[in-house]
Amino acid sequence: DDMDKRLLNTFCKVWFGEHMFGANFRFYKGYSIPHCSNVPQYMDYIEQLPLVDSPEVFGLHTNADITYQTSLAKDVLDTIVSIQPKDSSAGGGETRESVVQRLADDMLDKLPQDFVPHEVKARLQAMGSLSPMNIFLRQEIDRMQRVITLVRNTLLDLKLAIDGTIIMSENLRDALDRMFDARVPTKWRKISWDSSSLGFWFTELLERNAQFRSWCFEGRPNVFWMTGFFNPQGFLTAMRQEVTRAHKGWALDSVILHNDVLKQYKDDIAAAPDEGVYIYGLYLDGAGWDRRNCRLTEAPNKVLFTPMPVVHMYAINSTSGKDPKLYCCPVYKKPHRTDLTYITDCTLKTAQNLSPDHWILRGVALLCDVK
């Protein structure tokens, strides 16, 4: 995608040029261009290279190695769990069915109430049902209701199937196996969001529901939790439309997103901005944040993710490009960075002695969720 292209162009700019023919050129300490005259000399040079390359060779932070090792260990453990026997417990402990039945009872107790359509409609009409942000809220509530309904129906059917009242279908068997392994059932994940465990997923369901309920029945919040939206791009587009309508003569095509990182955190914000939205819940991956100077800094060792203060997202009427001195930081929904999880870009200040190229090689990104 475009981010891969940007990274490859940066490698070319930083590593390939007239400077690479200088006597002191190094890709990284210990990694120079060999000056050899025959094949054995090249072989000798290759032999003396380290067997395991440090992430810093490629411009990454040393924390990248921790992320890699953690991901590798998780994949191994997930594979081990997935090939465990699925039979009921033959020993004296609880059976799989009784464990899942207890879990289903607990989840049903905590599951939020359904959104009542006529109540939601009345509240949205009172707030202005044709406002872009309220149209977006309606769409999000509809999707949230689908998830709540599916979870409730699955759990109720699963309890009946465990008791033998109804047949255990393929979807119910999948739900039973995955819930026992603390993973999200496939059918739930298809219409909702990814998460590393069932516990994190269900907690997020409760938090998302709380934000939608509060926005609908108590009024627009001062600060939005962007992680809690099914369609964060739609949220930012609705905000752009809102700002465009507020300015006579502005055209949506020439209105672009802009942002400022504040010094305050969520609890310090007492009022909504005059224009645009405040968002919180973003994490910086690959770098640290200097809160005093509001700029990027090197990440502390062993600190993989840095929570960001509140970010003010707004729209400006401009056709000019972005300041080349600022780092254009991609924002993703999840740590798995693909074009499917990409949301938008944020511009972040950087120290004078570090160019944006440094942070591109570091792979710095903002994540809505680190789980």
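The chain holds eleven helices and eleven strands. The model is a predicted one. The C-alpha trace spans about 80 × 70 × 35 Å along its principal axes. Of the 371 residues in the chain, 40% are buried.

**Strand pairing**

Strand S3, residues 277-280, takes part in two pairings, set out below.

| Strand pair | Residues | Sense | Bridges | Opposed residues |
|---|---|---|---|---|
| S1 and S3 | 223-225 and 277-280 | parallel | three bridges | Val223 and Tyr278 |
| S3 and S8 | 277-280 and 311-317 | antiparallel | three bridges | Ile279 and Val311 |

S3 thus pairs with S1 in the parallel sense and with S8 in the antiparallel sense. Tyr278 of S3 stands opposite Val223, and Ile279 stands opposite Val311 in S8.

**The charged patch and Asp1**

Which residues form a negative surface patch? The patch consists of Asp1, Asp2, Asp4 and Asp339. One of these residues, Asp1, lies in the segment before helix H1, which covers residues 2-15.

Is Asp1 buried, partly exposed or exposed? Its relative accessibility is 43%. Buried means under 20% relative accessible area and exposed means over 50%, with partly exposed in between. Asp1 therefore counts as partly exposed, at 43% relative accessibility. Patch members need over 30% relative accessible area, and Asp1 is listed in the negative patch together with Asp2, Asp4 and Asp339.

Conventions
Residues numbered from 1 in each chain as written. Predicted model: local features only at pLDDT ≥ 70, side-chain atom pairs only at ≥ 80, totals over all residues. Heavy atoms only, no water. Patch = residues over 30% accessible without salt bridge, like charges linked within 9 Å, V, L, I, M, F, W, Y side chains within 5 Å. Areas by Shrake-Rupley, 256 points an atom, 1.4 Å probe, with all protein chains shown as cover. Salt bridge = Lys/Arg side-chain N within 4 Å of Asp/Glu carboxyl O. Lys, Arg positive; Asp, Glu negative; His and termini not counted. Charge placed at Lys NZ, Arg CZ, Asp CG, Glu CD. Helix = DSSP H or I, 4+ residues; strand = E, 2+ residues; numbered from the N terminus. Buried < 20%, exposed > 50% of the residue type's maximum accessible area, 1.4 Å probe, protein only. Pairing = 2+ DSSP bridges.
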